[in-house]
Amino acid sequence: MKKMVIAAVTATSILTLSACKGGDSEVVAETKYGNITKDDLYNELRDANGADGVSFAIKKKILKDKYSVSDKDVDKRYDEHIKEPNYKNLVEIYGEDKVKEQVKIELLVEKAKKDAMKVEDKEVKKYYDSLKGKIRASHILVKDKKTIEEVQKKLKNGKKFEDLAKEYGQDQTAQVGGDLGWFEKGKMEKPFEKAAFALKKGKVSEPVKTSHGYHLILKTDEYGKYDDMKKDLKKELIETKQSNPNGAVGEYLNKLEEEGDVKIKDKVIKKLIEQQKKAIEEQQKMQNPQG
């Protein structure tokens with residue numbers, strides 16, 4: 001959160017300059033090659049940070065509109081921060097009022113976090129709809145047949161799949177007990193996909209060979225009736241948000257921003273935002289080509 005405040009001060013300095021647009025000729029730097037005006041600086045910062053800067057400003061408006069904190073609370077948090085060298089430097093550069101403004105944003109974000117961590121039924125339903133045609137599975141991946149047979153024997157003797165995945169797994173999923181999450185057909189190698197989709201929920205496959213090595217696959221969940229899945233899906237969404245609270249706040253504020261009927265007046269920033277959205281959409285298509 002402290003890093004966020006420092007970043008917020010930097011972003012705010014950019015946005016403060018943007019307020020000067022409209023022919024501001026005040027000089028911010030003099031050189032023998034010519035002077036740099038506020039308008040020059042605005043154009044440079046707009047081209048480099050315009051889309052993110054406007055989005056940040058909108059989020060500040062959202063926070064101030066939906067939540068409130070007292071001056072007393074701001075002063076208390078400021079007194080805690082000012083003991084740190086970084087904050088003393090910020091005050092020297094931006095002034096106490098500007099830094100206190102960002103401390104206020106920090107406190108507003110903390111209030112927003114409580115709402116961001118909530119999971120509404122419509123969010124669960126949207127997630128449920130996105131899982132159609134998918135299954136969820138875990139696996140244990142090793143390099144050789146002898147090791148996978150050893151793991152399979154321990155599994156049959158009562159060892160937990162998750163524990164064996166952490167002990168033997170040779171890919172990144174080992175850290176989370178082999179969990180691969182939800183996936184549809186076309187995402188895995190054919191032998192793996194065929195074995196995984198053929199399994200009944202809760203069952204483990206025979207060893208499966210792919211170009212990565214040998215796998216044991218546990219089918220942990222499958223698409224079913226909404227009422228049957230709702231409780232587990234809600235729990236999953238809550239756990240995801242709890243594992244990344246700052247990300248949850250970001251998504252929450254993005255959602256409120258989308259609902260804010262935003263109209264961008266600056267033509268350059270408008271184009272920058274359109275290009276940014278297009279790039280995100282293209283990236284999503286690449287990540288989910290069958291979507």
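Tyr 128 and Tyr 226 are both buried in this structure, which is a predicted model. The two residues form an edge-to-face aromatic pair, with 5.1 Å centre to centre and 65° between the planes. Tyr 128 belongs to helix α6 (residues 121–130) and Tyr 226 to helix α10 (residues 226–243), so the pair ties together parts that are 98 residues apart in sequence. Ring pairs also bring in Tyr 223, giving a cluster of Tyr 128, Tyr 223 and Tyr 226. Over the face of Tyr 226 lies Lys 125, at 6.0 Å from the ring centre.

The structure holds four aromatic pairs. One of them is formed by Tyr 128 and Tyr 226, and another by Phe 183 and Phe 197, which is likewise edge-to-face, at 6.1 Å centre to centre and 80° between the planes. This second pair links distant parts of the chain, 14 residues apart: Phe 183 is in strand β4 (residues 179–183) and Phe 197 in helix α9 (residues 190–198). Phe 183 has a relative accessible area of 3% and is therefore buried, the limit being 20%. A lysine is also placed at Phe 197: Lys 185 lies over the face of that ring, at 5.3 Å from the ring centre.

Helix α9 has further residues that are shielded from solvent, since Phe 192, Glu 193, Ala 195 and Ala 196 are buried, that is, under 20% relative accessible area. Strands β3 (135–142), β4, β5 (208–210) and β6 (213–222) are among the elements that cover the buried residues of α9. Strand β4 thus recurs here, as it also holds Phe 183 of the aromatic pair with Phe 197.

Another buried residue is Thr 147, found in helix α7 (residues 145–156). Its relative accessible area is 17%, and Thr 147 counts as buried because this value is under 20%. When neighbours within four places in sequence are left aside, Thr 147 is in contact with Val 142 and Tyr 168.

The pockets are considered next. The table sets out the two largest.

| Pocket | Volume | Lining residues | Largest contributor |
|---|---|---|---|
| Largest pocket | about 1100 Å³ | 28 residues | α11, eight residues |
| Second largest pocket | about 600 Å³ | 20 residues | α12, eight residues |

In the largest pocket, which holds about 1100 Å³ of space, the lining residues closest to the centre are Glu 123, Lys 126, Lys 241, Glu 251 and Lys 255. Two or more lining residues come from each of α5 (96–116), α6, β4, α10 and α11 (245–258). Helices α6 and α10, which carry Tyr 128 and Tyr 226, are thus among the elements that contribute to this lining. By class, the lining of the largest pocket comprises eight nonpolar, seven polar and 13 charged residues.

For the second largest pocket, the lining residues nearest the centre are Glu 257, Glu 258, Ile 273, Gln 276 and Lys 277. The elements that each supply two or more residues to this lining are α2 (38–66), α11 and α12 (267–287). Helix α11 therefore contributes to the linings of both pockets. Seven nonpolar, four polar and nine charged residues make up the lining of the second largest pocket by class.

Key. Residues numbered from 1 in each chain as written. Predicted model: local features only at pLDDT ≥ 70, side-chain atom pairs only at ≥ 80, totals over all residues. Heavy atoms only, no water. Phe/Tyr/Trp six-rings, centres within 6.5 Å; stacked < 30°, edge-to-face > 60°. Helix = DSSP H or I, 4+ residues; strand = E, 2+ residues; numbered from the N terminus. Buried < 20%, exposed > 50% of the residue type's maximum accessible area, 1.4 Å probe, protein only. Lys NZ or Arg CZ within 6 Å of the ring centre and 35° of its normal. Contact = heavy atoms within 4.5 Å. 1 Å grid on protein atoms, 1.4 Å probe; cavity = no way out; pocket = protein on both sides within 12 Å on 5 of 7 lines; lining within 4 Å. Points joined across faces, edges and corners; volume = space filled by probe spheres on them. Nonpolar A, V, L, I, M, F, W, Y, C, P; charged D, E, K, R; others polar.
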